[in-house]
Amino acid sequence: MQTQVIDARGNPEAGTQLGGRLIKEGGLVAFPTETVYGLGANGMDAEAVQGIFAAKGRPSDNPLILHVCRKNDVHKLWDTIPEKAQRLMDAFWPGPLTLVYTRTDAVPDIVTAGLSTVAVRMPDNKTARALIKAAGVPIAAPSANASGRPSPTTAAHVLEDMAGRIPLVIDGGPCKFGVESTVVAVGAEPMILRPGAVTQSMLEAVIGPVRLHKSLLQPLGEGEQTASPGMRYKHYAPDAQVIVVTGTLSNMARRISELYDTYTNAHKKCMILATRQTQHFYREKEYAIIGDRERPQTLCASLFSALRDRGAQADVLLAEGVPAEEAGLAFMNRLLRAAGFCCEDADKLSD
Ligand code: TXA
Ligand code: MG
């Protein structure tokens with residue numbers, strides 16, 4: 001199959017009529033959102049949704065998010081709208097927040113992997129919303145990467161994984177946030193299942209206490225249940241091995257430099273993922289500045305492209321940790337998964 005790319009960077013509606021028609025006919029379309037690129041199909045059509053799992057190689061027990069272009073569209077997807085959900089929708093939609101609540105019978109089982117709940121979000125990206133409008137149905141869309149790979153934040157990343165497998169990619173340029181939406185279960189006790197740009201404190205300012213799922217920063221134990229099935233799988237893995245080092249800046253940089261020398265002496269090509277504040281520690285070494293530690297959202301915005309692009313050029317990526325709070329929590333959640341939870345605390349090593 002030839003994959004057509006339509007450039008929507010100057011015109012957010014470009015490609016959305018063709019894309020809407022392809023989706024109505026049961027096809028797949030990759031499209032930009034403000035978080036990452038999505039791989040969309042008609043969310044009301046089980047056979048079309050099956051095509052998403054096939055194109056990605058995604059395990060069938062990992063449920064999908066339905067994307068809507070109007071808040072009102074949740075009425076046919078959830079059995080009721082709890083008050084806290086309504087308040088979150090009013091505060092953060094359109095935007096990078098996915099809400100999980102009890103589903104109706106209109107939602108095909110394959111979308112929810114048989115769960116009694118369905119995840120819904122309204123993206124804050126004009127092309128995404130124009131595509132959903134043109135399709136006339138909620139669009140089921142996971143991130144548009146092959147299962148297990150870093151999520152795509154440019155059309156070029158989508159093509160790396162999906163060229164020849166889908167008929168259309170709409171290119172909306174680089175994604176603004178660069179990590180996927182915050183996923184919140186809105187039952188009696190709201191809980192963050194996946195951290196994102198909408199942070200715990202932003203949510204709590206609107207609905208009061210919100211818990212963090214315990215698996216956000218650690219692997220699940222054998223046989224342990226996760227509320228968000230996607231958290232179970234190996235994730236975001238680039239071509240290179242990733243090692244995360246945390247600690248005070250000087251301890252962290254010293255340990256990263258040590259690891260760099262060890263691996264380089266063993267003829268492994270190393271690349272350090274540094275920040276503006278730490279680049280001076282690595283002068284003689286190969287490093288890439290991925291953002292500003294004081295503004296972890298800048299680290300989120302470039303993490304996946306760094307994992308893909310730098311990971312293709314190196315054997316080992318040495319990455320710096322940041323405090324796992326606010327936007328830093330989303331960054332560490334993704335980075336630790338990309339590293340298979342291989343993480344060293346440099347402060348403990350230097351005791
Ligand atoms: O930003 C995003 O959310 C992107 C863009 C394309 O919208 N989409 C995305 O989809 O990240 P995906 O499939 O890669 O991740 C969806 C996450 C998974 O961790 C999945 O397990 C969880 O949401 N999820 C979906 N439905 C769920 C449900 N009913 N209950 C709990 N978790 C659910
Ligand atoms: Mg994904």
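Which residue forms a salt bridge with Glu34? Select Glu34 in this predicted model and display its side chain. The partner is Arg121, and the closest N and O atoms of the salt bridge are 2.9 Å apart. Along the chain the two residues are separated by 87 residues: Glu34 sits in the loop between β2 (29-31) and β3 (38-42), whereas Arg121 belongs to strand β6 (residues 117-121). With buried taken as under 20% relative accessible area, Glu34 counts as buried because its relative accessibility is 3%. Arg121 likewise counts as buried because its value is 2%.

**Strand β6 and its partners**

Next, select the whole of β6. Of its 5 residues, 4 are buried, so the strand is largely enclosed by the rest of the structure. Add strand β4 (residues 65-67), which pairs with β6 in the parallel sense over 3 bridges. Here Ile65 has Ala119 of β6 as its bridge partner. Then add strand β5 (residues 97-102), whose pairing with β6 is antiparallel and spans 4 bridges. In this pairing, Thr102 has Thr117 of β6 as its bridge partner.

**The parallel sheet**

Move now to the open sheet of 5 strands. Colouring the strands separately helps in following the order β14-β13-β15-β12-β16, in which the pairing is parallel. At the edges lie β14 (287-289) and β16 (343-345), each of which pairs on one side only. From one strand to the next, the twist averages 20°.

Within this sheet, select strand β12 (residues 241-246) together with β15. The two strands run parallel and are joined by 5 bridges. One residue pair to label is Val244 and its bridge partner in β15, Ala319.

**The cavity**

Ala319 leads to the next stop, as it is one of the residues that line the largest cavity. How many cavities of 30 Å³ or more does a search of the whole structure find? The search finds 1, and the volume of the largest cavity is about 40 Å³. To view its lining, select Leu273, Thr275, Ile290, Leu299, Leu303, Ala319, Glu320, Phe331 and Leu335. Two or more of the lining residues come from each of α9 (296-313), β15 (316-320) and α10 (327-338). By character, the lining comprises 7 nonpolar residues, 1 polar residue and 1 charged residue.

**Salt bridges from the two helices**

Helices α9 and α10, which both contribute to that lining, also serve as starting points for the last selections. In total, the structure holds 23 salt bridges.

Begin with Arg308, which forms a salt bridge with Asp161; the closest N and O atoms are 2.9 Å apart. Arg308 is in helix α9 and Asp161 in helix α6 (residues 155-162), so this pair links parts of the chain 147 residues apart. Both residues are buried. Extend the selection to Arg149, Glu160 and Asp239: together with Asp161 and Arg308, these residues are linked in a network of salt bridges.

Finally, select Arg334 and Glu180. Their salt bridge has its closest N and O atoms 2.7 Å apart. Because Arg334 lies in helix α10 and Glu180 in the loop between β8 (168-171) and β9 (182-185), the pair ties together parts that are 154 residues apart in sequence. Arg334 and Glu180 are both buried.

Definitions and conventions
Residues numbered from 1 in each chain as written. Chains lettered and ligands numbered in written order. Predicted model: local features only at pLDDT ≥ 70, side-chain atom pairs only at ≥ 80, totals over all residues. Heavy atoms only, no water. 1 Å grid on protein atoms, 1.4 Å probe; cavity = no way out; pocket = protein on both sides within 12 Å on 5 of 7 lines; lining within 4 Å. Points joined across faces, edges and corners; volume = space filled by probe spheres on them. Nonpolar A, V, L, I, M, F, W, Y, C, P; charged D, E, K, R; others polar. Salt bridge = Lys/Arg side-chain N within 4 Å of Asp/Glu carboxyl O. Buried < 20%, exposed > 50% of the residue type's maximum accessible area, 1.4 Å probe, protein only. Pairing = 2+ DSSP bridges. Axes fitted to C-alpha atoms, helices over the stretch in contact; angles between N-to-C directions.
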